Amino acid sequence: MGEVTFHDVSKRFALRVEGELHHVRALDNVSFSVRDGEIVALIGPSGCGKTTALRVAMGLDAATSGRVTVDGRGVAGCGHDRGMVFQHAELLPWLSALQNVMFGLEMKGMRGEALRATAEKYLDLVGLAESKNRRPHQLSGGMKQRVGIARALAIDPKVLLMDEPFGALDAQTRETMQAELLDIHQRTRKTILFVTHDLDEAVLIADRIVVMKAGRVCDVMAVPLGRPRPDLGIVRGTPEFAETRYKVWRALHDAPTVH
Amino acid sequence: MVDIVERQDQSAAQIEAAERRPLPRWVITVISVAFALVLWEIFGRRINPVFGSYPTAIAAAAWELARSGQLADALYQSLRPFAAGYALAIVVGVPLGLFIGGFRTAEAALGIYITAGYAMPLVALVPLLILWLGLGFAVKVAVVFLMALFPICINTWLGVTAVPKTLIEVGKSFVAPDWVILRRIVLPATLPYIMAGVRLAVGRAVVAMVIAEFFTTISGLGAVIINSANNFDTATMFVPIVILMVMAIGLNWLIGVIEHRVAPWQAEIAGRDRE
């Protein structure tokens, strides 16, 4: 199981700009849920609160009001039931790819023979068995992010939280990674909450898309594409893709900021 | 295409050799030192030997000191408190810096003493230290320790505050306890800063050692300096000075080697590992 639900989550920051105290509403009564095994893309312009929503779900930030639950249990701080994939992978530069994956597992309390074997298994899953002994600076951007995904998946979380994981990659690598993510999802059936600002990406990988603007959820729409999606090139050519993409685009551009 | 095929046939060593065309660093350093020594020799010889000296005269004086056994004695006397004080400064300074940088309360409560201590006019405090610790080994260790401690501690502290927040969040996301984050993320990320502090402290520890030898029991290399200066034997006076500077260079090199061992990723990231 792995169901994430946002219950009226609000998050306010106090921000001092030139001596004046401003209250920024990063999240304003955000409610939506991600069903078990589903991929939900959280999309919106920068500053809309999508990354904050993810951080609250991870437990890195606390909500001012409301709460996030995972399988009905309220989130209080970080936990092994959620695995985070960071925007720039954030691998520990002094550890090899394998050791980076092992780090997460060790924190979960795994020791001995199983530790190494499990880490190797997940590096293999993301196609990096050959490069397991390389340090992060010896890996390309796409490879780093694969290690980041392996590290999060290895602890076998109920939910994978991904913060614009492919945003810093070049276009071609990004497409490869999107296909690989879908492949990994097909095999592991993990629930995934995926933050992105890329329209194509959201439609290609998600089952549902949550559109956010100015700290609010302004639309939730289903992607009528079905699974599996083995060839994203073909998906891109379908009328459903174009239609959904246009609908999300409209939502981002026309939706009123106040309901 | 032909070029590519040939490239593949070349062994990795050959490719590496072809890339290493520029003059090695050590050659440049040797040329620079030789040049400085020659200049010093030429101009030093024109000066009254009381007011200055020159390399060959200093070398002769060094030989004389070494032959009489004085140099070995002095070195032994000097290096013991130096090594003890310097080692103690590392052992105390690094954990203290980690602690102050790692915990907000510790930073607010203790940081101010470290900042002030760095600027402490230690020479003025030596008489007080003598009152507490006497004139012997202990007070010399204390002077070296106090001079070396602060750069090490401050650098470690600064290093901790410079650790990217996201790396710490990686630890938090995987539910690592605070002390595990400190040991497995903050400490390695801070290592380059720690090593820089340890390097800076070498120079200060050497100066502290000589100060201690001047103001407490006159002994070791400091004694050689004072005695020969009192006899207007400038060449001999320069021997310990040169030795101390060479020693500092040697220690710096050694620290560099150690740094490369404990934090190889740093040089690799900066692209310095091929030299």
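Q: What does it mean for two residues to be in contact?
A: Two residues are in contact if their C-beta atoms, placed from the backbone, lie within 7 Å. This is a predicted model: local features need pLDDT of at least 70, side-chain atom pairs count only at pLDDT 80 or more, and totals for chains, interfaces and linings use all residues. Residues are numbered from 1 along each chain as its sequence is written, and chains are lettered from A and ligands numbered from 1 in the order in which they are written.

Q: Which strands does helix α1 of chain A lie across?
A: Helices (H or I, at least four residues) and strands (E, at least two) are DSSP runs, numbered from the N terminus. Axes are lines fitted to C-alpha atoms, for helices over the stretch in contact, and angles run from 0 to 180 degrees between N-to-C directions. Helix α1 (residues 50-58) of chain A lies across β1, β2 and β4 of chain A. It runs at about 115° to β1(A).

Q: What is the order of the strands in the open sheet?
A: Two strands pair if DSSP finds at least two bridges between them. Here the order is β2-β1-β4-β5 (chain A), with antiparallel pairing. β2 (20-34) and β5 (73-74) of chain A are the edge strands, each pairing on one side only.

Q: How many bridges join β1(A) to β2(A)?
A: Eleven, and the two strands run antiparallel. L15(A) stands opposite H22(A) in β2(A). The two strands form a hairpin with two residues between them. In the turn, E18(A) has a positive phi of about 50°.

Q: Which residue is the bridge partner of H7(A) in β4(A)?
A: R67(A). Strands β1 (residues 4-17) and β4 (residues 65-70) of chain A pair in the antiparallel sense over five bridges.
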